Amino acid sequence: MRHPLVPLGALAGAAVLLATGCSTAPSPAGGQPPAAASRAAAAPVVAPKSPAEVGANELGQVPVLMYHQLTEKPASVYDRTPADFRAELERLAREDYVPVTARDFQTGRIDIPAGTHPVVLTFDDSTNSQVRLGADGAPAPDTAVAILAETAKKHPAFKPVATFFVNADAFSATGSAKALTWLKDHGYEVANHTGRHENLRSLDRAGAERAISAGQQAIERAAPGTRVTSLALPFGAMPEPAGTAVRGTGYHYDGVYLVGANPSVSPFAKGFTPGAIPRIRSAGPKDEDAEFGSSRWLDKLAAGHSRYVSDGDPATVAFPRAARNELAQAFAQRARPY
């Protein structure tokens, strides 16, 4: 629907066990011979790398990627083929990106290895190409969740997690209850995209609240106990007043997502606005408006465009001292400048 716009090197130590010879000589006191002894050579202790060693910058930018339909015959700039999606995930894995959910990103719970980069994978409109389960309960081939699982199996450091912004009657081929429960049980985030994909800017405040609340209620009916803390705005259209998107009757969100055309600033930065988080449309390097799409932005980030680099410690916020004025005051106690 048209909107206005790894292999990761795992750090592991190797232990080598060395067995000593056994003594059978009697003890000086005439007792039983001492038990055979073996001595294990202690594995070398590898100290965690310092923020400077990995170039940590947890005030850097984070790509929040936006997907809609996966199809062999794309009909709009928002469609991608399964092969496109698979190739983009492979690229992210090669470049040491680790997926995190929107829920964890917007609240600063980014727990990924040192030297890696967070990426938020988001899916709008709850299409069957994203989630479709077979009779055996497993994801159907070439669906988004199947491709995510394939990529994670090939690249174990690449977590198969994402955020699905759903409407009422989500994933019709499987059924909302079954599909949303499966997502929840497999570590994915289920989030709101309104009940019927309404343009919230075209509604008055009461109407916008009803549309958002309807999406929230549909999720809670289909998968009771689901904690819904994120909203994506249909068409990227912000209601008026903007605060209606964050809080209203029956809902309160930690993050509201736009369409956007650029990476998000870090959730630890002064400029982070949880009520208006930009996203990047997944796109090839020659697609329409490619300069605002994922391929071009990933190129820029790889070339040093202030990318978020983790220090490996979720309790701290590490960054070069030169960036200290960018840190939001709320995270001052967690600061680890170098």
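Over residues 1–40 of this predicted model, pLDDT stays under 50. For that segment the model nevertheless has 67 contacts beyond four places in sequence. Across the protein chain the mean pLDDT is 90, with 86% of the residues reaching 70 or more.

**Packing of helix 2 and helix 4**

Helix 2, residues 82–94, packs with helix 4, residues 144–154, at an angle of about 35°, and their axes lie 10 Å apart. The crossing of helix 2 past helix 4 is right-handed. Helix 2 contributes Pro82, Phe85, Arg86, Leu89 and Glu90 to the contact, while helix 4 contributes Ala144, Ile147, Leu148, Glu150, Thr151 and Lys154. Sorted by class, the residues of this contact are 6 nonpolar, 1 polar and 4 charged.

**Buried faces of helix 5 and helix 8**

In helix 5 (residues 176–185), the buried residues are Ser176, Ala179, Leu180, Trp182 and Leu183. These residues lie on the same side of helix 5 because they cover an arc of only 155° around the axis. Their packing partners are helix 4, strand 6, strand 7 (189–192) and helix 6 (205–222). Helix 4 is thus named both in the contact with helix 2 and among the elements against which the buried residues of helix 5 pack.

Helix 8 (residues 294–302) has Ser294, Ser295, Trp297, Leu298 and Leu301 as buried residues. Here the arc around the axis is only 165°, so these residues too fall on the same side of their helix. The elements covering them include strand 1 (64–67), helix 2, strand 4 (97–99) and strand 12 (280–281).

Each of the two helices is followed by a glycine with a positive phi, as listed below.

| Helix | Arc of buried residues | Glycine just after the helix | Phi of the glycine |
|---|---|---|---|
| Helix 5 | 155° | Gly187 | about 85° |
| Helix 8 | 165° | Gly304 | about 105° |

**Ala173 in the loop before helix 5**

The loop between strand 6 (163–166) and helix 5 holds Ala173. Its relative accessibility is 49%, and Ala173 therefore counts as partly exposed, since the exposed class requires a value over 50%. Leaving aside residues up to four places away in sequence, Ala173 touches Asn128 and Arg132. The C-alpha atom of Ala173 is separated by 9.6 Å from that of Ser129, although the two residues are 44 residues apart along the chain.

Key: Residues are numbered from 1 along each chain as its sequence is written. This is a predicted model: local features need pLDDT of at least 70, side-chain atom pairs count only at pLDDT 80 or more; totals for chains, interfaces and linings use all residues. Side-chain values use heavy atoms; hydrogens and water are left out. Axes are lines fitted to C-alpha atoms, for helices over the stretch in contact, and angles run from 0 to 180 degrees between N-to-C directions. Helices (H or I, at least four residues) and strands (E, at least two) are DSSP runs, numbered from the N terminus. A crossing is left-handed if the near helix is turned anticlockwise from the far one by less than a right angle, and right-handed if clockwise. Contact means heavy atoms within 4.5 Å. Ala, Val, Leu, Ile, Met, Phe, Trp, Tyr, Cys and Pro count as nonpolar, Asp, Glu, Lys and Arg as charged, and the others, Gly among them, as polar. pLDDT is the predictor's confidence in each residue, from 0 to 100. Buried means under 20% relative accessible area, exposed over 50%, partly exposed in between (1.4 Å probe, protein chains only). The arc is that of the directions from the helix axis to the C-beta atoms.
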